[in-house]
Amino acid sequence: MTMLRSPRARILAVAAATALIGAAATFALLATRGETPHAVPPAREALTDEVLYFLMTDRFANGDEANDAGGLGADPLVSGFDPTDAGFFQGGDLAGVEERLDYLEGLGVSGIWLTPVFTNKAVQVEDASAGYHGYWITDFTDVDPHLGTREELEQLVDAAHSRGMKVFLDIITNHTADVVGYAEGDRMPYVAKDVAPYTDADGEDFDDRAAAASDDFPATTASSFPYVPVLADGEEDLKSPAWLNDVTVYHNRGNTTFTDEDSQYGDFFGLDDLWTEDPRVVEGMIEIYSDWLDAGIDGYRIDTVRHVDDAFWEAFVPAVLEAAEDRGTEDFFVFGEVYDGSRAYTSRYTTELGMQAVLDFPFQGAARAFASGRGDASDLAAFFAADDWYTDADSSAAQLPTFLGNHDMGRFGGMLVEDNPGADDAELLARDRLAHALLLLSRGNPIVYYGDEQGLTGDGGDKAARQPLFGTRIPEYVDDALLGSDATLASPAYDTAHPLYAWIGELTGVVRGNAALSSGAHQTRLAEDGTGVYAFSRLDRDERREVLVALNGAGEERTVEIPTWSRGSFALLAGDGAATVETDDAGVVTVTLPAFGAAVWEAESTIAERDATPTVELRAGWEDADDEVDPGRLPVRAEVSGDGYAEVSFWARAEGGEWEHLGTDDSAPYQVFDVVTDLAPGASVEYQAVVSDGAALEAASEPATGVVPAPTVAIADPAPGGTVGVEPLVVTSVAPARADTVVVIERRIGGGDWVEVGADSSAPDYAAVDDLADVEPGAEILYRATVTQGGVSVESGAVAAKAGGARGAGQPSLPGSFNELMGCDEWWQPDCEAAAMTFDEGSGAWVVEVDLPAGSHEYKVAIDGAWDQNYGDGGVADGANMVLELDEPATVRFSYDPLTHVTTAEVS
């Protein structure tokens, strides 16, 4: 197998083969390959100077009441419009957004991010909810009539552009609305590829990812899947483009549990999960979102990125960027939603897969901890020091979109209320101001979530964080307390005098007129232990005028000394500090901040230049790692002499290869995390660093050698001490998952010999189905795995499990809203003996009978008397409650299948 030097090289090879990257983009990637190591400016190629405003189109402003019902009539269960229900359309539209551009302009935002505007399935009755949010698309080619028309979208884009504002569309490639059902039943539990492989039109098994990589993806039929996909009468042609009505372009494997393989192959609560490994889907999605560029938009935010396979992004992103370039759209910006708090994980989408940026979920967690008083100021320093996970030749943390809250996880104001019970409004408002100062003044593209500038709180995520701003009759919204205001959402909330609106507007005015704050380096200056002051400098490498930001997370006044690169005076730009502060001869300023105060100053002179060329020393490897470790990356660290401004350009070459620029770091500590997944474990890589002051001084390090780490492998399922059924799926976790990965899974019963269960080379999970039909229930089983990559083999530790036979894993019980009627001490009691189920040998199921009154009853199945392992609707682990509606009293026999985890209720 030929291994390319880096994922960037692999992307070029893929691009050349598919003709998806234009000449300019290809040149940019090739420009620093094969050269002698030298200083290269830090990457600032994509947008790094935006202040975005994220709004839900249905909830922001209602400009045209005539389209509230989408032309579908008065019945809410048909039209989806019900202004009394938070799960239905409220009337907001594109015309309303255009009407409120003055409001957005006054806030100082430079870009508007709209939730998906495409035509949605108006109502999914089984969810008792409407597609107001935009994520249940049926027609990818037109605007949802509840929101307006394509012409109104283009008119909004033109109007925004005339004010210097960009427009970004939220898009989806992972799934469509729930239209495709299964002959076996709707919303079935997930079936793994190792349990039921895909079959081609001739009935032969095949691995979809291997087939896609070989450019020989076979024809399939409705019988090629674990479940037979079907369309209901009248919905055969519901979707557009027409190819989406072909049931074979979906994964058809059942509902996801959001973990392991099914995270990329399963349906989201029934939403039709596209088979993104299939070239037809790749080509179709590229065409859809290339066509939408004609609307004049400036970028895409991509939904559910982590739930789509890597190869899709390697084709989709460069193709869309090329299409934008062909249409003359400058600086088209694509950023993805990777809902994860790990830098090692989220950064791979920019450093390995070619995405320009991802939403900075790790920032959200760090900002919340600091502003809520749950984390030390020093934690922020550690957070920003890890920015170099994102540093590569054409991107960096400087372009990551940062945020405090959103439509899924909840509003930041609500988080502050939750984290600070008993705090008064003045304290909560001060903490909110502090958080927005961190958001708007630190590195990245900050995003203001609509309504946060009006102090909206809410009591959770999802619907609880999606309030209309144009007045509402929904009680749970009207009851919300607003920070900094006595108003309620019963009236429109567009108060330009609100203290948060004014504060955000003040800060955006400073940021948008200042190159250092827009896209400059971010250098930590001071981070006190405990809930104290965090201070940092921002510097534009061309203007070289330092901006100093100080934030006080403590509940009392703090006076601190902060080192800088400058000498002389700093003038206050915004915030709670002295109008002028002076450095001493060493460049240290003394500042005083009130409780939860924030201030930003700008130096009156350029930074003090170094009087000698700095030196740089290099080392490579994980020996000094004290945080996240990724065996698919190799950390390279540089020690630079002196404390002046410096830029360190990192270079690498594999044995016999050319020098390649890995990236340039402009913030100490100086490091990169080289992606080495295209090199075999054990291979040597030579590194060199070149330090520069960003002007005339430049010096190179001595070369250093790093060794590509061996992969890691562990048994992910079953869990240690778990009980397994007669045909358990043994799943391993491998990092990194190189193209030549092979995993052999073995088991040992009692003190016997190790026996091979199976070998797997198919991503994303490496698993095998065991056969324990002849194993006595209760017997101890040990599982282990060996991964082989590039001729290097690594063995996992052994995990002990217990055979459960046909009874499955553990003792199930039936906690529910009726437990007290069964003699339990309380409702929803998983450890109640009366709710324990009994195994029925004849049916192979666990059963329990309950006498229930008429009414609505909810329940789940819990294992071993605890909630740690539980199954809900459709057999989904930790899934939604199952619901039983009874018109009259009845005896109900509940049956739980330990293999599929599906529970049925038979009423007599």
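# Exercises on a predicted model

Strand 49 (residues 890-896) and strand 50 run antiparallel and are joined by five bridges. The model is predicted: local features need pLDDT of at least 70, side-chain atom pairs count only at pLDDT 80 or more, and totals for chains, interfaces and linings use all residues. Residues are numbered from 1 along each chain as its sequence is written, and side-chain values use heavy atoms, with hydrogens and water left out.

**Exercise 1.** Place strand 49 and strand 50 in their sheet.

*Solution.* Start with the terms: strands are DSSP runs of E with at least two residues, helices are runs of H or I with at least four, and both are numbered from the N terminus. Two strands pair if DSSP finds at least two bridges between them. The open sheet has four strands in the order 43-44-49-50, with antiparallel pairing. Its edge strands, each pairing on one side only, are strand 43 (838-840) and strand 50 (903-907). On average, neighbouring strands of this sheet are turned by 35° against each other, direction ignored; the axes are lines fitted to C-alpha atoms. Finally, threonine 904 in strand 50 stands opposite serine 895.

**Exercise 2.** Describe the hairpin of strand 39 and strand 40.

*Solution.* Strand 39 (residues 780-789) and strand 40 (residues 792-795) run antiparallel, with four bridges between them. Threonine 786 has glutamate 795 in strand 40 as its bridge partner. Two residues lie between the strands, and glycine 790 takes a positive phi near 55°.

**Exercise 3.** Check the span of helix 14 and describe its ends and its burial.

*Solution.* The expected span of a helix is 1.5 Å times one less than its number of residues. For the twelve residues of helix 14 (residues 361-372) this should give 16 Å; the end C-alpha atoms are 17 Å apart, which agrees. At the start of the helix, a side-chain oxygen of aspartate 360 reaches to within 3.1 Å of the backbone nitrogen of phenylalanine 363. After the helix comes glycine 373, with a positive phi near 80°. Eleven of the twelve residues are buried (under 20% relative accessible area, 1.4 Å probe, protein chains only). Among them are Phe361, Phe363, Arg368 and Phe370.

**Exercise 4.** Is proline 41 buried or partly exposed, and which residues is it in contact with?

*Solution.* Proline 41 lies in the loop between helix 2 (23-30) and strand 1 (52-55). Its relative accessible area is 45%. Partly exposed covers the values between buried, under 20%, and exposed, over 50%, so proline 41 is partly exposed. Leaving aside neighbours within four places in sequence, proline 41 is in contact (heavy atoms within 4.5 Å) with Arg541, Glu647 and Thr664.

Terms used:
Polar contact = N/O pair within 3.5 Å; in protein donor to acceptor, adjacent residues only side chain to side chain. Axes fitted to C-alpha atoms, helices over the stretch in contact; angles between N-to-C directions.
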